[in-house]
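The following exercises concern a predicted model. Please study the sequence and the structure before reading each solution.

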Amino acid sequence: MHCVLLLLQLPLASIFVWNGLKRASSYDRIKPHSHQGNSHRSITVPTLDHRHSLPMLTPTMPFSLLKHCFAKLLTPLLDNRSGFLAAFVLICVSAWLFQRRTTRQKKPTPHRFSNSATCLKILQNLPYDDRPGTNKLSHEVSRAIPNQRLVRAFQIDNGFTTRDAAYGRQFRRQAVQAIRQVTSTNRGGWNQIATVAREIAATYFRESTSDDRGDLDLIVQVVTMKAVLSMFFEVDATTYTDAAAFEIARRINLLSMQSKSTTGHQSADFSSLKSLLQRVGLDWTDSKDNPLNILLPAYETLWRVVARCLIEVVFRPSANTQWRSLLQTFIANPTPGTFSQIAPGGDTNVSVEFLVHEALRLYPPTRRIYRHVHFQDKQMPELLTADIEAAHRQLHVWGVDSHRYRPARWIVADQKMRDAFMPFGGGEWICPASSGFGPMMIGVLVATFAEILSAEDWELRLLRGEEGSEDEGSWILDDEMVLESDRREDTAWDLVRRS
Ligand code: HEM
């Protein structure tokens, strides 16, 4: 299309330039405006090939030249029908190009907020600064636009990416139904979920860490991936290797990072992820049946917070020994009752629920939620960011130790804290796993790992920097170290069995 337009313009542009040049080269006499009444006086100015003196450019010369070029070009064009048509096409094409350029520049203005009340307004597509005025875009479009990178990377079509309100509602119902099925008593309920998770983790540590060393994030990824595939897709975890689960996790991670990158660098392709999923028994042709529609929101969120919670409750030097026994009691009998039961004793006693809440506060897996809005009273669309991670660490809400993992803060959590706590989003699209399944699942997975791993038997070190680079180093986790919510490419949590 661009080439055709360019070709259309080229002859016209060349006529324009050619006429201008021709006229300029033969232009040796111009008539400047006389200052003496109405009489005009011709003066001689050097021609372009005048060798002995420089051409004299008067201020009026470029305008007269332009006027002449226009006259020269347009008069013959307007004199005949095809010329008139060509001029008309030129004008239309220029107008189209101009309009396209201006709309292209209509990049949304970004705004980021960490105030919890404002974050909630953003999640609900309401004006964030209390002005009247509604969003011109539908709620679905506002949510779908920032998530299009996921469509390109994973070919998904789900509630996060659709512009179709009816399909969005249908997808939500499907997700609610899937969660209900996973926890249903005829499939064994939470006891069965815990049994499967424990078997997967036990197999992993029996078979995969033969060298007594591993990257903690990767271990959590493999076990979480196998648990999610087993729960939501009934893929038997014994029918494929941990290496295959790791490869699926790695491809998801690569595609996800690639979709965020602005360099367009291609290192992973979707087809290899698809064939890995096919090999474990998942196949599809329609993007609405893509298993990643559910796998992504479930797996990507769970493994992140489980890994951080595990570090806090097992490996932080200040970790309370009571937390481990709480987790042990819970995994032996995983019910909503044991999950929220506060250990008897002192007033700093907590529950597994508080351990999980504190991990979700400090390390929310969905760190930021985006909406592309266009309010009626604004000229430009805006990209609004609800910075959940920042909202969860605000000093005036959580106190001076807001960067510390302190589950006991939930014993006396006030309304301000409860309002600011949004790990599962808010409003009409609050995560369907928020009321029960998500927190319980985190508890089950953390308790599963805590059964196998202990600080007495395993040492955890943070490795940072590229291998061989100047900033390469290794750190022992102490109480002052503030952890990142997300996995950084140049860091790894190195888990080594103590000899
Ligand atoms: C730690 C666990 C989880 C966290 C922190 C989390 C977080 C979130 C957040 C923040 C949203 C809202 C996104 C938005 O407003 O744009 C959301 C939505 C959603 N989550 Fe989760 N999620 C978790 C687990 C799960 C699991 C296990 C599932 C499995 C089914 C799931 C399925 C969904 C779905 C389907 C939606 C979209 C709801 C809708 O469109 O109405 N999530 N989640």
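**Exercise 1.** Determine the order of the strands in the open sheet of three strands.

*Solution.* The order is β3-β6-β5, and the pairing is mixed. The edges are occupied by β3 (109-113) and β5 (368-373); each has a single partner strand, so one side of each is left without a neighbour in the sheet. On average, neighbouring strands of this sheet are turned by 20 degrees against each other, direction ignored.

**Exercise 2.** Describe how β3 is joined to β6, and state which residue of β6 is the bridge partner of Phe113.

*Solution.* In general, strands of a sheet pair through backbone hydrogen bonds, either parallel or antiparallel. Here β3 and β6 (residues 382-387) run parallel and are joined by five bridges. The bridge partner of Phe113 in β6 is Ala386.

**Exercise 3.** Identify the strands that helix α4 touches where it packs on the sheet.

*Solution.* Helix α4 spans residues 116-123 and touches β3, β5 and β6. The direction of α4 makes about 130 degrees with that of β6.

**Exercise 4.** Characterise the shell around the ligand: how many residues form it, which elements contribute two or more, and how do the residues divide by character?

*Solution.* First, the ligand is surrounded by 26 residues, of which the closest are Gly159, Ala175, Thr301, Gly425 and Cys431. Next, two or more residues of the shell come from each of α7 (165-183), α12 (292-315) and α19 (437-452). The most is given by α12, with six residues. Finally, the residues of the shell comprise 18 nonpolar, six polar and two charged.

Definitions and conventions:
Residues are numbered from 1 along each chain as its sequence is written. This is a predicted model: local features need pLDDT of at least 70, side-chain atom pairs count only at pLDDT 80 or more; totals for chains, interfaces and linings use all residues. A residue is near a molecule or strand if its C-beta atom, placed from the backbone, lies within 6 Å of it. Helices (H or I, at least four residues) and strands (E, at least two) are DSSP runs, numbered from the N terminus. Ala, Val, Leu, Ile, Met, Phe, Trp, Tyr, Cys and Pro count as nonpolar, Asp, Glu, Lys and Arg as charged, and the others, Gly among them, as polar. Two strands pair if DSSP finds at least two bridges between them. Axes are lines fitted to C-alpha atoms, for helices over the stretch in contact, and angles run from 0 to 180 degrees between N-to-C directions. Two residues are in contact if their C-beta atoms, placed from the backbone, lie within 7 Å.
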